[in-house]
Amino acid sequence: MDSPLPLHVCHVNNLSVIINRLHALLHCIAIGFLIYYRASYLLQETRAIPIILWLLVFASELLLSFIWLLGRAYLWRPVSRTVFPERLPEDDKLPAIDVFICTADPEKEPAIGVMNTVLSAMALDYPVDKLHVYLSDDGGSPITLHGMREACRFAKWWLPFCRRYGIKTICPQAYFSEADSDDYFGDSEFMVEKKKIKEKYEMFEEHVTKAVEDGDYGNSQNHSTIIEQIIQDTSGESETIRQADLVEMPLLIYVSREKRPDHLHHFKAGALNVLLRVSGVISNSPYILGLDCDMYCNDPTSARQAMCFHLDPKISSSLAFVQFPQKFHNINKYDIYDGRFRSAYCVQWQGMDGLKGPVLSGTGYYIKRESLYADFTHTVNDISELKDTFGKSNVLINSLHQSYKQNNANGENFSNVLQEETGVLASCSYEHQTKWGEEASIKHINLYIVGILYQSVSEDLFTGFILHCKGWTSTYLTPFRPQFLGTSTTNLNDLLIQGTRWGSGLTDVGLSRFCPLLYGPSRMSLLQSMCYGELSFFPLLYCLPLWCLATLPQLCLLNGISLYPEVSSPSFIVFSFIFISAICKHLQEVISTGGSIYTWRNEQRIWMIKSVTAHFYGSMDTILKLLGLRKASFLPTNKVLDKEQVKRYEIGQFDFQTSSMFLVPMVSLMILNMAALLFGFIRIIAVGNWDKLFAQVLLSLYILIINFAIVEGMIVRKDKGRISTSAILLSSVFSVILLFFGSIILM
């Protein structure tokens, strides 16, 4: 008997593997020579350079080499995948899916955008009776609840339209803004229908916008539980709606968990765990789609594509989640803020997929519910032990041993008893003295996770890491058509605030007892541990070396001290090779993934800016939390667009309207490098020792060329988005202080 056709295939790019490994070998050899050069100087009896400077530069080079070495694991065996959803079983055999959407702040996350995400999830090409959409509103805002009701009213028009005409762009806002969104050109019936639906959408937008303007935003830190099933309301409708279309709508549930100022709520991870419990007693679907509130579904087939992996009997038993890349609808051709995250989604995640799978990336993933508390449900039958772990709810405990609850998922079955039970599960005290958000152990059982983990504000990375440590795997799928599209940051302020939060969360993991480089190797492959190590340590291990290399060589240049070999020395070839090798490899990766030399330049610039600002502050935040000097915090990324900032972004111009906390470091370093370059040239012309100082002059020149946009914002530009005079003056004072103390130390 012939074996069934595969649901997916994996492709290994052997040419890329050869190039990556050959480059790694040559680069490692060069680093070995660099280490020999630096170390041999320490053994000399007489030294022309202060030992502390040499050690700091040497330490910076070692840290950069170490983080580079960790990153080679991504390039060891990158793979890509193809799926065949047409080979899936019939609809009645497909498993049910719960969709989790999280929002927290109606001011920074506009209700109309959130509702478009909800509508796109409801329009997925999946059996309607097996699709359930849950919205977590951590802000407890009446505006969001009103928006859900309006979205449900519009959905009874939008969903039949999408099904009838096979609409691919299932987010209405995106669909009606596309110039070529029609798949039925010339079809008069379609055009009439589309016009009618567009009018309905404009009415929906108007109602939501009016509610935002007139409504109450609520108290995001102090409110009671609200859980409501949003049902279709046909009152006041004068037009005929097909009965079939009326009933064929996914279950829609609004969840606002209780929050009190004196209770820890654990940010997004806490909201997801509430959804996990609430959905467990309502629908209890075996698979969960996780979405950010601004990450709408851009293709109706994502669920079926994910099921090509989850339903493969060869891998399904150990497969925890299928991750799709995050892509963004508002990135222009310049992408000056590196909003595409090309390195992560085009290189790193594909590399991890060739090992045991990519990290859990916060949104756009289909995860198996069982992976979040499976081992307890399979091995523990003692009710008291289960209650100590999962809480006192008997209904929730029973759901651990049950599969999809079709009856409860039916809108008519959302009883008062179930309403009361979900209210308890969403209360702020329910998790007290339980193991939610932690690793737990019961008697002879090893450590297992209970829900989304709390130890870091980067709950996705941490949870994915622990899942991989427990033997679960994941896969990464990058279809030609983006399955999900979100809103990227389009100004420097939001970029650096987001980077600070991410830097803090990643460093939380690196400096915890779950450090991937220590906790991982005995539980996963060394290469996979290296990938997680690079992710969790790169904010810390980049910020420190870049601060040193952006200041110490420049201060030495101003004082005529050489930190690098003479141009005529053979050792100069080693430093030159490492510098050029790193740049060329980065450029090769950019070009091979569809980028350009401008993409390379932008990524280099944002890497430098983030390292000396956001990653520095994020790392320091983690260290202060470890010392007990600061509490964990979470600031949502702003999704509200400023027209002037968007205009500057569209023409590829930086917007420097941000805090002095971010501006002063980068501007101070530009001033220092400009001074070093100027006086370095003067010294070379006057003294003639270009052979000794050439490398330091070249380093300052490279930094200034890559970051010319900052220099332009300081000197050339006069518009509102330029660097403020106060920030320049403050940076100048800081630079003078740095130069003064540097000259004293180097005298």
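Three strands of this predicted model form an open sheet with mixed pairing, in the order E8-E15-E10. Strand E8 (296-297) and strand E10 (327-328) are the edge strands, each pairing on one side only. Strand E15 (residues 484-486) runs antiparallel to E8, and two bridges join them. One residue pair can be followed here: Cys297 has Phe484, in E15, as its bridge partner.

The next region to consider is the approach to helix H8. His266 lies in the loop that links strand E6 (251-256) with helix H8 (267-282). The backbone of His266 has a phi near 60 degrees, a positive value although the residue is not glycine. A positive phi, near 55 degrees, is also found at Phe267, again a residue other than glycine. Phe267, however, is placed in helix H8.

Are the side chains at these two positions best described as buried, exposed or partly exposed? His266 has a relative accessible area of 29% and is therefore partly exposed, since that class covers values between 20% and 50%. Phe267 has a relative accessible area of 21%, so Phe267 is partly exposed as well; the buried class requires a value under 20%.

Finally, the confidence of the prediction should be considered. The average pLDDT of the chain is 90, and 91% of the residues score at least 70. Residues 241-245 have pLDDT under 50 throughout, and the model gives this segment seven contacts beyond four places in sequence.

Note on methods:
Residues numbered from 1 in each chain as written. Predicted model: local features only at pLDDT ≥ 70, side-chain atom pairs only at ≥ 80, totals over all residues. Heavy atoms only, no water. Helix = DSSP H or I, 4+ residues; strand = E, 2+ residues; numbered from the N terminus. Buried < 20%, exposed > 50% of the residue type's maximum accessible area, 1.4 Å probe, protein only. pLDDT = per-residue confidence, 0-100. Contact = heavy atoms within 4.5 Å. Pairing = 2+ DSSP bridges.
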